[in-house]
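Q: I'd like a close look at the charged side chains in this model, please. Could you walk me through them once the structure is up?

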Amino acid sequence: MKRSLALGLCVSLLAMPVMATEKDTLKARQDRLSNELEESKKAQAETDAELEITEAERDAVKTEIHVVDDRLNELSEQIAIQQHEVDTARAELESTRQQLSVQEEYLESQKELVNERLRVLQVHEDTSYLQVIFESRSFGDFVTRAMTARTIAEQDRELIHNYMSEMERLESLESTQRTQLSFIKQKERELVITKQDLDRTAEKKHDLLVELNEQVEQLELEKMTRSEEQAVMAEQNRIISEQLEAIATAEREAAEAAERAKREAEARAVEEQARAEAEAREAESEVEAPEMTAPTETPTNVSTSTGFVRPVSGYVSSPFGPRDNPLTGVPEIHKGIDLVNASGTPIVSSAPGVVIKAAPATGYGNVVFVSHVINGEIWTTIYAHLNAITVGAGQQVAAGQTVGTLGNTGWSTGPHLHFELHRGKWAPGQPNAIDPAPYIGY
């Protein structure tokens, strides 16, 4: 009876130590995952605040650039007006100079006549009236001669005065126009200098705007990446919770099965004892009834291999470890292995597990995350740059089951599979990433 009871208990409780170990591992992983998820949320809050400040700075610079551009447009219009005024003043000055030249040429042609008139007025001005008196034949002739001489003298004076006045007027006008032209040119130079200063300011503002746009883009990318990280961690946390719940259910069912086995074993023992006593009384014999042996049951647990199958065949274009980023040229640590094959080649899961994420992600392009529990230990595999995805989040997959097709999406320079293997859960910065080559036969 004792041996039968022991066998029943062994059959029922055989899987419980394995489940308990796995449960403890999952709980520890879940606690760390929750803490890292909170840290990621805090970091995202800081990123959001920095992004808000940077966007405000960018908007302010945009406003300043609009002001500078408006001022530059205004200055361009003013410079155009000044240039027009300069052209007009230059044309007027040229016209005045031409008039002066004409007057000078005319005066030069009349120079001998004018000089003669001047000499006559200067030498004979005092004697002209005496000559008129002595040469007159009569008083009437005298009056006529005197009036004629006076008229000629006045005409000579007026002619000379008009010539001199016109020359003075034109010379004064020329001087004024030269001064005005110089003033207008100076104003134009000042406007041009101001515009050049504003051009330099505008260039600096535009450079600052480019820098702020790059910062905003980087922060938005960081924000997007953190959101994706949190989504992956939340999904992995959910899957771990489901696994813990499944383990709890299995433990409960195992305990109930053990209790049932115990009660059945005790009932069989009582029945066997009663039957043996009845047979003894009937036979009235001292012969001991043969001992009944409980049937042996075989545990149904199936051991899981710790090996991984190769997700796709092909040559390694970029191994795990240090390298220069093929897109930026910046040194980095390559957290996976790149396997090259033809676009559209099927990609398979490296081990049994649950799909955490199956969607586009920053950098990864179309990507599939799969969480595995192998011998109580959590593993995560990542299949990136896929051309197509053939599984969905939350779906259970078997080793060798197709999860997508090879492609060139995301930050990629050609068709290949970027494959990552993490000992534990996936986390920001891939701290758990290990070289997958030895695990998949490279």
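Which residues are linked in a network of salt bridges?

A: Happy to take you through it. This is a predicted model, so local features need pLDDT of at least 70 and side-chain atom pairs count only at pLDDT 80 or more, while totals for chains, interfaces and linings use all residues. Residues are numbered from 1 along each chain as its sequence is written, and side-chain values use heavy atoms, with hydrogens and water left out.

The network links Arg323, Glu332 and Asp338. A salt bridge here is a side-chain nitrogen of Lys or Arg within 4 Å of a carboxyl oxygen of Asp or Glu. Within this network, Glu332 and Arg323 meet at 2.8 Å, N to O. Glu332 has 25% relative accessibility and therefore counts as partly exposed; Arg323, at 23%, is partly exposed as well. The cut-offs behind those words are under 20% relative accessible area for buried, over 50% for exposed, and partly exposed in between, with a 1.4 Å probe and protein chains only.

The structure holds five salt bridges, and helix α5 (residues 139–283) is a good place to continue. Helices are DSSP runs of H or I with at least four residues, strands are runs of E with at least two, and both are numbered from the N terminus. In helix α5, Asp197 and Arg200 lie three residues apart, about one turn of the helix. The closest N and O atoms of their salt bridge are 2.2 Å apart. Asp197 is partly exposed at 35% relative accessibility, and Arg200 is partly exposed at 46%.

Further along helix α5, Arg263 and Glu259 are separated by about one helical turn because they are four residues apart. Their side chains form a salt bridge at 3.5 Å, N to O. Arg263 is partly exposed at 45% relative accessibility, as is Glu259 with a relative accessible area of 39%.

Unpaired charges deserve a look too. Glu203, Asp207, Glu211 and Glu214 form a negative surface patch. Patch members have over 30% relative accessible area and no salt bridge, with like charges joined within 9 Å and nonpolar side chains (Val, Leu, Ile, Met, Phe, Trp, Tyr) within 5 Å. Asp and Glu count as negative, Lys and Arg as positive, and His and the chain ends are not counted. Of these patch residues, Glu211 sits in helix α5 and is partly exposed, with a relative accessible area of 42%.

Conventions
Accessible areas come from the Shrake-Rupley method with a 1.4 Å probe; for residues, only the protein chains shown count as cover. The place of a charge is taken as NZ of Lys, CZ of Arg, CG of Asp or CD of Glu.
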